[in-house]
Amino acid sequence: MPHSVMLLDVKEDGIRAELQWPLKEFDFVFPDAALDSDVSTLVARRGAWLDHYLLQHMRITDNSGRRWSVRVLDKNVLRDEQFLTGTYNELVFHLWLQPPGQSSPRSFTLYYDAVMHQLITHKMMIRIRQDWDGGLSGKDSAAAELGMLMVNPSDNSVPPVVVNLDEGSKWKGFRQMFFLGMEHIADGTDHLMFLLALLLPAPLIASGGRWCQSGGARYAVRNLLKIVTAFTIGHSLTLLAGALGWLRLPAQPVEVLIALSVLIGCIHALRPLFPGKELFIAGGFGLIHGLAFAGTLYNLDIDGTRMALSILGFNLGIEIMQLFVVLLVVPWLILLGPFATYGYVRTAGALFGVVASLAWITERVSGNANEISAVVSRLLLHARWMILLLAVLALFKYVRFFYTAGHRKRYL
């Protein structure tokens with residue numbers, strides 16, 4: 001049978017908890033209550049009774065034995081699924097757990113025997129979902145298992161769980177946000193593809209509606225720096241505004257606009273749409289990309305100082321990973337720029353981006369996954385080999401050019 005789960009978000013002055021009860025277990029505990037029969041009206045019909053039952057079977061104390069306050073914020077019924085038991089209804093409570101006086105929320109004892117006092121096979125897993133000061137952002141709750149409450153068969157008691165978290169610090173939170181920013185970019189292939197789409201034609205000069213000869217290494221580096229800087233400024237502004245709650249847009253249109261930005265960037269890499277104005281396009285679409293970044297921080301629900309450190313750390317992580325990817329790819333683009341081979345590389349990269357962006361747009365508008373998007377994702381798993389191939393090609397062309405030039409000079 002599915003077990004109960006309690007997820008804890010550790011805050012500076014208390015804990016926000018999410019308690020998930022599988023309703024089918026209650027049919028064994030209270031067979032006359034029929035809690036799993038008409039779930040659509042359960043909260044309205046039995047809400048007060050459920051609150052009272054929970055508070056009677058849950059108690060938290062600090063190290064001195066003083067009792068925490070437990071407040072029910074809200075509750076609702078959701079549909080969940082488990083591999084062994086299939087789909088089932090679960091009642092989800094959102095609680096606020098407040099330690100007494102100046103007690104730390106990082107150390108407490110949890111007493112709990114709901115359901116288990118009647119159904120001895122029932123268990124409840126306790127996990128930390130988010131602990132900013134402890135370096136947990138909420139994405140990796142599996143690494144934060146605190147324990148499991150279950151009946152001791154020797155005396156039918158339910159031993160409490162004693163929680164003593166490591167002392168948190170702002171450095172741990174900042175460091176976690178930094179790595180989260182790096183991970184966000186590493187996983188955000190659409191963000192990187194937009195940036196790389198604008199960088200593809202950066203070594204070239206546009207003339208007559210086409211990309212023509214290379215402008216040289218200095219010209220390419222200058223263009224690259226402008227584009228990367230403009231994109232950074234753009235997404236940093238909306239990351240700040242979105243994380244602080246000043247600017248919020250629904251996720252779906254933001255994700256569609258990001259895919260559209262990739263499409264426009266790739267078309268520009270094929271044929272110049274806005275030659276010489278790439279920095280404005282990078283900055284403008286960077287504003288959209290920043291809104292996608294901001295959603296991760298906005299949901300942290302932390303105080304001002306921690307939010308400021310989160311924005312700084314997250315943005316630094318984004319920039320470091322972005323710079324790392326640029327340094328991996330751009331030198332080979334600059335080396336290949338003067339050669340005719342670069343036209344084929346640029347076209348192939350741009351066409352791949354067009355296909356990927358169209359698949360993403362379709363997927364994000366319809367809400368349904370498509371096979372093309374899945375193929376693109378599988379191909380991008382081998383991006384390192386694509387970069388290695390690009391590097392080998394660039395070095396080969398560069399060495400061959402100088403060898404040929406030297407041979408021709410000796411011949412003459």
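Leaving aside its neighbours within four places in sequence, with which residues is L149 in contact? In this predicted model, the contacts of L149 are L110, Y112, M116, H122, K123, M124, I126, V158, P159, P160 and V161. L149 itself is placed in strand 8, which covers residues 145-150. Its relative accessibility is 0%, and L149 therefore counts as buried, the limit for that class being under 20%. A further relation in space concerns D113: the C-alpha atoms of L149 and D113 are separated by 7.9 Å, although the two positions lie 36 residues apart along the chain.

D113 also appears among the contacts of H57. Beyond residues up to four places away in sequence, H57 touches Y111, Y112, D113, A114 and H117. H57 belongs to the loop between helix 2 (42-56) and strand 3, and it counts as buried because its relative accessibility is 18%. From H57 to M116 the C-alpha distance is 9.7 Å, with 59 residues of sequence separating the pair. M116 is also one of the residues in contact with L149, as is Y112.

The strand that follows H57 leads to a sheet. Strands 3, 6 and 9 form an open sheet of three strands, ordered 3-6-9 and paired in antiparallel fashion. Strand 3 (58-61) and strand 9 (161-164) occupy the edges; each has a single partner strand, so one side of each is left without a neighbour in the sheet. On average, neighbouring strands here are turned by 20 degrees against each other, direction ignored. Between strand 6 (residues 107-112) and strand 9, which run antiparallel, there are four bridges. In this pairing, F108 has V163 of strand 9 as its bridge partner.

A further set of pairings centres on strand 1. All seven of the seven residues of strand 1 are buried, so this strand is largely enclosed by the rest of the structure. Both of its faces are covered: S4, M6, L8 and V10 are buried on one side, and V5, L7 and D9 are buried on the other. Strand 1 runs parallel to strand 7, to which seven bridges join it, and antiparallel to strand 2, to which six bridges join it. L7 illustrates both pairings, standing opposite R127 in strand 7 and opposite E18 in strand 2. The connection from strand 1 to strand 2 is a hairpin through four residues.

Charged side chains add another layer of connections. How many salt bridges does the structure hold? The number is 11. One of the pairs consists of R306 and E12, whose side chains meet at 3.4 Å, N to O. This pair links distant parts of the chain, since R306 lies in helix 8 (residues 304-336) and E12 in the loop between strand 1 (4-10) and strand 2 (15-22), 294 residues apart. R306 counts as buried because its relative accessibility is 9%, whereas E12, at 52%, counts as exposed.

Another salt bridge is formed by the side chains of K75 and D51, at 3.1 Å from N to O. K75 is in strand 4 (residues 69-82) and D51 is in helix 2, so their pairing ties together parts that are 24 residues apart in sequence. Both K75 and D51 are buried.

R106 and D131 likewise meet in a salt bridge, with an N to O distance of 2.8 Å. Because R106 lies in the loop between strand 5 (86-98) and strand 6, and D131 lies in strand 7 (residues 123-131), the pair ties together parts that are 25 residues apart in sequence. Each partner counts as buried: R106 has a relative accessibility of 13%, and D131 has one of 4%. In addition, D9, E18 and R129 are linked in a network of salt bridges. Of these, D9 is among the buried residues of strand 1, while E18 stands opposite L7 from strand 2.

The surface offers a contrasting feature. L240, L244, W246 and L247 make a nonpolar surface patch of about 400 Å². Within the patch, L247 lies in the loop between helix 5 (217-243) and helix 6 (251-270). With a relative accessibility of 35%, L247 counts as partly exposed.

Notes:
Residues are numbered from 1 along each chain as its sequence is written. This is a predicted model: local features need pLDDT of at least 70, side-chain atom pairs count only at pLDDT 80 or more; totals for chains, interfaces and linings use all residues. Side-chain values use heavy atoms; hydrogens and water are left out. Two strands pair if DSSP finds at least two bridges between them. Helices (H or I, at least four residues) and strands (E, at least two) are DSSP runs, numbered from the N terminus. Axes are lines fitted to C-alpha atoms, for helices over the stretch in contact, and angles run from 0 to 180 degrees between N-to-C directions. Patches are made of residues with over 30% relative accessible area and no salt bridge: like charges are joined within 9 Å, nonpolar side chains (Val, Leu, Ile, Met, Phe, Trp, Tyr) within 5 Å. Accessible areas come from the Shrake-Rupley method with a 1.4 Å probe; for residues, only the protein chains shown count as cover. A salt bridge is a side-chain nitrogen of Lys or Arg within 4 Å of a carboxyl oxygen of Asp or Glu. Buried means under 20% relative accessible area, exposed over 50%, partly exposed in between (1.4 Å probe, protein chains only). Contact means heavy atoms within 4.5 Å.
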